[in-house]
2 protein chains.
Amino acid sequence: MPAPQSLDSFDRAILAILQKDNTTPQRAIGEAVNLSAPAVQRRIKRMEETGIIRANVALVDPAKVGHPITLFVEVEVESERAELIDAAKRGFIALPEVQQCYYVTGDADFILVVTVATMAEYEALTRRLFFENNNVKRFRTFVAMDRVKVGLEVPVG
Amino acid sequence: MPAPQSLDSFDRAILAILQKDNTTPQRAIGEAVNLSAPAVQRRIKRMEETGIIRANVALVDPAKVGHPITLFVEVEVESERAELIDAAKRGFIALPEVQQCYYVTGDADFILVVTVATMAEYEALTRRLFFENNNVKRFRTFVAMDRVKVGLEVPVG
DNA sequence: ATCCAGACGAAACAAACTTGCAATCAGATG
DNA sequence: CATCTGATTGCAAGTTTGTTTCGTCTGGAT
């Protein structure tokens with residue numbers, strides 16, 4: 001019965017705005033998309049309830065809060081047994097330094113995005129994460145020199 | 001000039017909250033950190049002005065808006081001449097499908113996070129991005145099977 | 001043709017944000 | 001040691017924004 005009701009063009013227009021700035025007043029959004037403020041508000045609420053909008057957050061500049069180093073790590077595991085993979089996932093999720101973690105196909109099994117204050121901190125992290133974990137076969141690190149584009153915006157046009 | 005004035009523990013506590021949910025009322029934040037609402041508001045404003053808070057955005061579930069596929073792409077270029085690198089950066093920034101782009105050291109030069117609706121769309125994208133660009137030597141794709149952890153939260157503890 | 005469900009807008013209402021102001025505190029200066 | 005200066009605070013008033021209510025309209029099914 002809950003027809004997941006795909007988004008119409010109003011919803012998409014609203015999402016496009018909120019993904020750029022979710023402090024935009026509903027009245028302003030309404031003017032932009034030709035809808036009243038209450039209509040905008042009801043649509044936003046529905047999208048939050050259905051999980052289309054996953055969260056509303058402030059984006060922080062890592063360098064300005066003492067985390068100037070961003071790293072990518074490709075991790076290859078020894079065994080892909082489900083329980084070992086799940087354990088690895090839980091381990092990555094638990095670490096605040098691991099900003100993002102994806103389980104992928106290809107030459108690696110996991111790709112991590114890590115943010116740290118110093119290389120020493122990263123070195124300590126690798127020790128705990130990889131060397132002490134004997135299901136990790138191999139890992140490869142890339143150091144970000146330039147965060148050219150960083151966001152989680154999804155095209156909705 | 002405003003000395004960049006490092007953050008105190010109030011600022012960090014506020015950031016921790018806003019990175020999880022920036023719709024939290026300032027009054028509630030105030031209670032959590034033992035400050036009045038106006039004090040919280042002034043600190044937030046200052047952090048926005050100094051760029052510590054880069055943006056306030058809604059996070060959208062890509063799968064629910066028709067972008068179920070997330071990919072990682074390692075790109076290696078032929079020449080690292082500054083102007084060619086800059087041109088590449090501009091090209092990546094311009095593409096909405098490219099969610100994130102980092103310029104990195106290591107076996108690759110760029111790492112991209114790409115979100116698309118279908119593999120056909122990705123194939124078309126690679127054609128435009130890589131095959132028609134003769135400064136791209138090689139690229140390698142990883143398909144995300146599980147978005148284990150996705151966020152841009154920076155530890156501030 | 002009628003009914004029903006869903007969505008809308010206008011206006012009233014409630015909550016949150018913002019600003020002005022006086023008081024407080026820390027560090028620098030005489 | 002007193003004082004001055006600058007920054008930050010809390011409170012209270014003022015303003016903006018979010019939320020609810022209610023009556024209307026549309027489209028689809030009976």
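## How chains A and B meet each other and the DNA

Reader: Let's start with the protein–protein contact. How many residue pairs are in polar contact between chain A and chain B?

Author: This is a predicted model, and the pairs counted here have both residues at pLDDT 80 or more. Between chain A and chain B, the number of residue pairs in polar contact is 43.

Reader: Which element gives the largest share of the side of chain A that touches chain B?

Author: Several elements chip in with at least two residues each, including α1, α4, β3 and β5 of chain A. The largest share is nine residues, and they come from β5(A).

Reader: And how do the residues on that side of chain A divide by class?

Author: Chain A brings 62 residues to the contact, and chain B brings 62 residues too. On the side of chain A that touches chain B, the split is 34 nonpolar, 14 polar and 14 charged.

Reader: How much area do chain A and chain B bury between them?

Author: Interface size is often quoted as the accessible area lost when the parts come together. Here, 61% of the buried area sits on carbon and sulfur atoms. The total for chain A and chain B is about 6,200 Å².

Reader: Which residues of chain A lose the most area to chain B?

Author: Three residues together make up 13% of what the chain A side buries. They are Leu59(A), Tyr102(A) and Lys149(A).

Reader: What about charges: which side chain meets Lys89(A) in a salt bridge?

Author: Chain A and chain B share six salt bridges. In one of them, Lys89(A) has its partner at 2.7 Å, N to O. That partner is Asp146(B).

Reader: Asp146 on the other chain interests me as well. What is the bridge partner of Asp146(A) in β3(B)?

Author: Strand β5(A) pairs within its own chain with β2(A), antiparallel over seven bridges, and there Glu76(A) is matched with Arg138(A). β5(A) is also joined to β3(B) by three bridges, again antiparallel. Across that second pairing, the partner of Asp146(A) is Tyr103(B).

Reader: Which residue stands opposite Tyr103(A) in β5(B)?

Author: β3(A) and β5(B) run antiparallel and are joined by three bridges. Opposite Tyr103(A) in β5(B) stands Asp146(B).

Reader: On to the DNA. Which helix gives the most to the surface near DNA strand D?

Author: Both chains take part: α2 and α3 of chain A and α3 of chain B each supply at least two residues. The residues around this strand include Gln26(A), Gln41(A), Ala39(B) and Arg42(B). With four residues, the top contributor is α3(B).

Reader: Which part of DNA strand D does the side chain of Arg27(A) reach at 2.6 Å?

Author: Sugar and phosphate make up 49% of the atoms of DNA strand D that come within 4 Å of the protein. Ser36(B) has a polar side-chain atom 2.4 Å from a phosphate oxygen, and the side chain of Arg43(B) places an N or O atom 2.7 Å from a phosphate oxygen. For Arg27(A), the atom at 2.6 Å is a base nitrogen.

Reader: Which atom of DNA strand C lies 2.4 Å from a polar side-chain atom of Gln41(B)?

Author: On DNA strand C, 67% of the atoms within 4 Å of the protein belong to sugar or phosphate. Gln26(B) uses a backbone N or O atom, 2.8 Å from a phosphate oxygen, while Arg27(B) uses its side chain, 2.7 Å from a phosphate oxygen. For Gln41(B), the atom at 2.4 Å is a phosphate oxygen.

Note on methods
Residues are numbered from 1 along each chain as its sequence is written. Chains are lettered from A and ligands numbered from 1 in the order in which they are written. This is a predicted model: local features need pLDDT of at least 70, side-chain atom pairs count only at pLDDT 80 or more; totals for chains, interfaces and linings use all residues. Side-chain values use heavy atoms; hydrogens and water are left out. Two strands pair if DSSP finds at least two bridges between them. A residue is near a molecule or strand if one of its heavy atoms lies within 4 Å of it. A polar contact is a pair of N or O atoms within 3.5 Å; within protein, one must be able to donate a hydrogen and the other to accept it, and residues adjacent in sequence count only if both atoms are side-chain atoms. Contact means heavy atoms within 4.5 Å. Buried area is the accessible area (1.4 Å probe) that two parts lose on being put together, summed over both. A salt bridge is a side-chain nitrogen of Lys or Arg within 4 Å of a carboxyl oxygen of Asp or Glu. Ala, Val, Leu, Ile, Met, Phe, Trp, Tyr, Cys and Pro count as nonpolar, Asp, Glu, Lys and Arg as charged, and the others, Gly among them, as polar.
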